[in-house]
Amino acid sequence: MTTSDEVKKAPAKDPWDLPDVSGLVVGVLGGTGDQGRGLAYRLAKAGQRVIIGSRAAERAHTAAEELGLGVEGADNAECARRSDIVIVAVPWEGHAATLEALREELAGKLVIDCVNPLGFDKQGAYALKPAEGSAAQQAAALLPESRVTAAFHHLSAVLLSDPDVAEIDTDVMVLGDKRADTDLVQALAGRIPGMRGVYAGRLRNAHQVESLVANLISANRRYKAHAGLRVTDV
Ligand SMILES: NC(=O)c1ccc[n+]([C@@H]2O[C@H](COP(=O)([O-])OP(=O)(O)OC[C@H]3O[C@@H](n4cnc5c(N)ncnc54)[C@H](OP(=O)(O)O)[C@@H]3O)[C@@H](O)[C@H]2O)c1
């Protein structure tokens, strides 16, 4: 490359120059569970409008009332329909069926998959190998009209839900195939005090990120901790 080519090139975008997501509605499928409820609590506390989804609207209403902070409850379909960003926080066992049923409601939406396909036996947690490569890739295959990303895999639901924990001391690895979408997810993670969203590659690399949770669970068991992650030097 010549010097004149370099001069013509647009300057690289500052990776920390992220969009304002404060006006976007965030829905959480499976938001009555530990992870979904914890994320809903933190995001609502940060000022985000949040709708908790459930297979049963009544359960979502109850969970939303318990959380307060303006959080609303709805069945998963209504939650998806009314949200701009939809976090998938259902167990791996219900992942495919949940998304397949919501294809229409999720069309055009920014979907954030945080599902970790794990197995457990006497030796502890281990990573499963989804046929599509990862939970996130399964989501992308099932939701061709959605903007699928993956993030929030390494959080501790216990810390998220603990009102005495002021800051969540962890980075969030964000994966996706479109920069505009991963920027939005990074910005959303950054709304939670202590948390930082770091771009970690395209969806084809989601398997390692999902699997790493098995290692964190092992650390948690040995050290009686709620381990998080930091990506250094970025
Ligand atoms: N717990 C964590 O610390 C953590 C951290 C990071 C990522 N994750 C990931 O987040 C997801 C949720 O974890 P969790 O611990 O919150 O799980 P969970 O409490 O077992 O389930 C979450 C919610 O999903 C719904 N659900 C249960 N079985 C379902 C099925 N077969 N189909 C559709 N929906 C179903 C339930 O809500 P309704 O009955 O109200 O529909 C339940 O409250 C998992 O994929 C996990 O890998 C968890």
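**Ligand site in a predicted model**

The UniProt annotation "domain: Pyrroline-5-carboxylate reductase catalytic N-terminal", from an unreviewed entry, covers residues 26–117. The structure is a predicted model, in which local features need pLDDT of at least 70 and side-chain atom pairs count only at pLDDT 80 or more, while totals for chains, interfaces and linings use all residues. Residues are numbered from 1 along each chain as its sequence is written, and side-chain values use heavy atoms, without hydrogens and water. Over residues 26–117, the chain is 48% helix and 24% strand. The end C-alpha atoms of this stretch are 23 Å apart. Helices and strands are DSSP runs (H or I, at least four residues; E, at least two).

The shell around the ligand holds 21 residues (a heavy atom within 4 Å). Thr32, Gln35, Ser54, Arg55 and Val90 come nearest. By class, nine shell residues are nonpolar, nine are polar and three are charged; Gly counts as polar. Helix H2 (34–45) and helix H5 (92–101) each supply at least two shell residues. H5 gives the most, with three.

Oxygen atoms of the ligand make polar contacts (N or O pairs within 3.5 Å). One such distance is 2.9 Å, to an N or O atom in the side chain of Arg59. Polar backbone atoms also take part: that of Gly33 lies 3.1 Å from a ligand oxygen, and that of Ala157 lies 3.2 Å from a ligand oxygen. The protein covers 74% of the 890 Å² of accessible area that the ligand has on its own (Shrake-Rupley method, 1.4 Å probe).

Terms used. Polar contact = N/O pair within 3.5 Å; in protein donor to acceptor, adjacent residues only side chain to side chain. UniProt positions renumbered as here; feature names shortened; annotations may be inferred.
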